[in-house]
Amino acid sequence: LTLQILLDNILKVNLISKEKPLTINISVNDSGWLEIQNNIQRRISENAIPDDLGISNIAKRLKLLCQNTIEIMENGNSRVINVPLMSGEQIIAHESI
């Protein structure tokens, strides 16, 4: 569900066209975190939807569940979001609550 929310936010805030395709790369980095990288092409509109709320909610949930939060790095051309992956032990511990 976390990945779906993050991808939805990327699609909402970025312009997508044949001339300017949106590129999204999803992988697991060397630290074992899920990494979502995309080029930045912000929509310029008064109706543009800010993505802060969805990402903030995910960060809070991850902090409660696995004592880590997401990392966001952005430069003028690209954005990288790193999300901690929960271990099997963490998942089992939270299922028994």
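Which residue of β4 does glutamate 71 stand opposite? I looked this up before anything else, and found that glutamate 71 stands opposite asparagine 82. I note at the outset that the model is predicted.

**Entry 1. The sheet**

I traced the strands next. Four of them form an open sheet, in the order β1-β2-β4-β3, with antiparallel pairing. At the edges I found β1 (24-28) and β3 (71-74); each has a single partner strand, so one side of each lacks a neighbour in the sheet. From one strand to the next, the twist averages 15 degrees.

I then went through the pairings in sheet order. β1 pairs with β2 (residues 34-39) in the antiparallel sense, over five bridges. Within that pair I picked out serine 27, whose bridge partner in β2 is glutamate 35. β2 pairs in turn with β4, antiparallel, over six bridges. As a reference point for this pairing I recorded asparagine 38, which stands opposite arginine 79 of β4. β4 also pairs with β3, again in the antiparallel sense, over four bridges. I followed the chain from β3 into β4 and found a hairpin, with three residues joining the two strands.

**Entry 2. The helix across the sheet**

Which strands does helix α1 lie across? I found that α1 (residues 2-13) lies across β1, β2 and β4 (78-83). Its direction is at about 10 degrees to β2.

**Entry 3. Burial of β4**

I checked how far β4 is enclosed. Six of its six residues are buried, so this strand is largely enclosed by the rest of the structure. In a regular strand the side chains alternate between the two faces of the sheet. I therefore examined both faces of β4: Ser78, Val80 and Asn82 are buried on one side, and Arg79, Ile81 and Val83 are buried on the other.

**Entry 4. Isoleucine 81**

I took isoleucine 81 as a sample residue of β4. It is buried, and I recorded a relative accessible area of 1%. Which residues does isoleucine 81 contact, leaving aside its neighbours within four places in sequence? The list I obtained is Leu6, Leu34, Glu35, Ile36, Ile55, Glu71 and Ile72. For one of these, glutamate 35, I also noted the C-alpha separation from isoleucine 81: 5.7 Å, although the two residues are 46 apart along the chain. Glutamate 35 had already appeared in my notes as the bridge partner of serine 27.

**Entry 5. Salt bridges**

Side chains of opposite charge can pair when their charged atoms come close. How many salt bridges are there? I counted three.

The pair I recorded in helix α1 is lysine 12 with aspartate 8, and their closest N and O atoms are 3.1 Å apart. Both residues lie in α1, four residues apart, or about one turn of the helix. Lysine 12 is partly exposed, with a relative accessible area of 35%. Aspartate 8 is likewise partly exposed, at 35%.

Another pair is glutamate 74 with arginine 42, the closest N and O atoms being 3.4 Å apart. This pair links distant parts of the chain: glutamate 74 belongs to strand β3, arginine 42 to the loop between β2 and α2 (52-66), and 32 residues separate them. I found glutamate 74 partly exposed, with a relative accessible area of 45%. Arginine 42 is also partly exposed, with 35%.

The remaining entry in my list is the salt bridge between the side chains of glutamate 74 and arginine 79, at 3.3 Å from N to O. Their side chains are also joined by a polar contact of 3.3 Å.

**Entry 6. Arginine 79**

Is arginine 79 buried or exposed? This residue of strand β4 is buried, with a relative accessible area of 9%. I compared this with the cut-off: buried means under 20%. Arginine 79 is thus placed in β4, opposite asparagine 38, and is in a salt bridge with glutamate 74.

Which residues are linked in a network of salt bridges? I found Arg42, Glu74 and Arg79. I closed the entry with their places in the fold: arginine 42 is in the loop between β2 and α2 and glutamate 74 is in β3, while arginine 79 is in β4.

How values were computed
Residues are numbered from 1 along each chain as its sequence is written. This is a predicted model: local features need pLDDT of at least 70, side-chain atom pairs count only at pLDDT 80 or more; totals for chains, interfaces and linings use all residues. Side-chain values use heavy atoms; hydrogens and water are left out. Two strands pair if DSSP finds at least two bridges between them. Axes are lines fitted to C-alpha atoms, for helices over the stretch in contact, and angles run from 0 to 180 degrees between N-to-C directions. Contact means heavy atoms within 4.5 Å. Buried means under 20% relative accessible area, exposed over 50%, partly exposed in between (1.4 Å probe, protein chains only). A polar contact is a pair of N or O atoms within 3.5 Å; within protein, one must be able to donate a hydrogen and the other to accept it, and residues adjacent in sequence count only if both atoms are side-chain atoms. A salt bridge is a side-chain nitrogen of Lys or Arg within 4 Å of a carboxyl oxygen of Asp or Glu.
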